[in-house]
Amino acid sequence: LGVSLSEALEAHTAWLQKNGLDNEETFAILTWGDSDLGVLNAQCQREELSMPAHFKKWINLKALFKQHYRKEAQGGLQHVVEQICGMSFDGRAHSGLV
């Protein structure tokens, strides 16, 4: 069973602080497209929560892929990592915790 968004954001912020990452200049949020953080922002607004400042800027890996390879990425991040880059994908898709 999960936790509320409020609890998850609080736990995430506590984890960042515990690991010395409470200054957003010491780390970056990475996404595969811009929609992830748009969804988070909309959910925060619906629940009347303040979205932590470190989620308000991010690196879009899909855009960097397009810029580097000069073509649109076909498929999700796992597909691109395994099939295009020839690397193994470690973790679980759509899980920021693994």
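The legends below accompany an overview and several close-up views of a predicted model.

**Figure 1. Overall view of the predicted chain.** The chain contains four helices and two strands, arranged along the sequence in the pattern α-β-α-β-α-α. Its C-alpha trace spans about 40 × 30 × 25 Å along the principal axes. Of the 98 residues, 21% count as buried. The accessible surface amounts to about 7,500 Å², and carbon and sulfur atoms contribute 52% of that area. Among contacts with a sequence separation of 6 or more, 59% are between residues 24 or more positions apart.

**Figure 2. Confidence of the prediction.** The mean pLDDT of the chain is 87, and 95% of the residues score at least 70. Helix α1 has the highest confidence, at 93, whereas α4 has the lowest, at a mean of 87. Where pLDDT is low, the predicted coordinates should not be read in detail.

**Figure 3. The largest nonpolar core.** Ten residues form this core: Leu5, Leu9, Leu16, Phe27, Ile29, Leu37, Leu40, Cys44, Met51 and Phe55. The elements contributing two or more residues to it are α1, residues 5-18, and α2, residues 35-46. Leu37, one of the core residues, is in contact with Ile29, Thr31, Met51, Phe55 and Trp58 when neighbours within four places in sequence are set aside. Of these partners, Ile29, Met51 and Phe55 are themselves listed in the core.

**Figure 4. Surroundings of His12 in helix α1.** His12 is located in helix α1. With a relative accessibility of 26%, His12 counts as partly exposed because this value falls between the limits of 20% for buried and 50% for exposed residues. Not counting residues up to four places away in sequence, His12 touches His54 and Phe55. Phe55 also belongs to the largest nonpolar core. The C-alpha atoms of His12 and Pro52 are separated by 9.8 Å, although the two residues lie 40 positions apart along the chain.

**Figure 5. Strand β2 and the nonpolar surface patch.** Leu30, Ile59 and Leu64 form a nonpolar patch on the surface, and together they have about 250 Å² of accessible area. Leu30 is found in strand β1, residues 30-31, and Ile59 in strand β2. Ile59 is partly exposed, with a relative accessible area of 34%. Beyond its neighbours within four places in sequence, Ile59 is in contact with Ala28, Ile29, Leu30, Thr31 and Leu64. These contacts thus include Leu30 and Leu64, the other members of the patch. Ile59 and Ala28 are 31 residues apart in sequence, and their C-alpha atoms are 7.0 Å apart in space.

**Figure 6. A buried alanine in the loop between α3 and α4.** Ala73 lies in the loop between α3, residues 61-69, and α4, residues 77-84. The relative accessible area of Ala73 is 15%, so this loop residue is classed as buried, the limit being under 20%. Trp32, Lys62, Phe65 and Val80 all touch Ala73, residues up to four places away in sequence not being counted. The C-alpha atoms of Ala73 and Leu37, which are 36 residues apart along the chain, are separated by 19 Å.

**Figure 7. The salt bridge between Lys66 and Glu72.** The count for this model comes to one salt bridge. Lys66 pairs with Glu72, and the closest N and O atoms are 2.7 Å apart. Both partners retain some accessibility: Lys66 is partly exposed, with a relative accessible area of 42%, and Glu72 is partly exposed, at 44%.

**Figure 8. Residues with positive phi in two loops.** Glu48 is not a glycine, yet it has a positive phi of about 55 degrees. Glu48 lies in the loop between α2 and β2, the latter comprising residues 59-60. With a relative accessible area of 73%, Glu48 is exposed. Arg70, likewise not a glycine, has a positive phi of about 55 degrees. Arg70 is placed in the loop between α3 and α4, the loop that also holds Ala73. Arg70 counts as exposed, at 72% relative accessibility, whereas Ala73 is buried.

Note on methods: Residues are numbered from 1 along each chain as its sequence is written. This is a predicted model: local features need pLDDT of at least 70, side-chain atom pairs count only at pLDDT 80 or more; totals for chains, interfaces and linings use all residues. Side-chain values use heavy atoms; hydrogens and water are left out. A nonpolar core is a set of buried Ala, Val, Leu, Ile, Met, Phe, Trp, Tyr and Cys residues joined through side-chain atoms within 4.5 Å. Buried means under 20% relative accessible area, exposed over 50%, partly exposed in between (1.4 Å probe, protein chains only). Contact means heavy atoms within 4.5 Å. Patches are made of residues with over 30% relative accessible area and no salt bridge: like charges are joined within 9 Å, nonpolar side chains (Val, Leu, Ile, Met, Phe, Trp, Tyr) within 5 Å. Accessible areas come from the Shrake-Rupley method with a 1.4 Å probe; for residues, only the protein chains shown count as cover. A salt bridge is a side-chain nitrogen of Lys or Arg within 4 Å of a carboxyl oxygen of Asp or Glu. pLDDT is the predictor's confidence in each residue, from 0 to 100.
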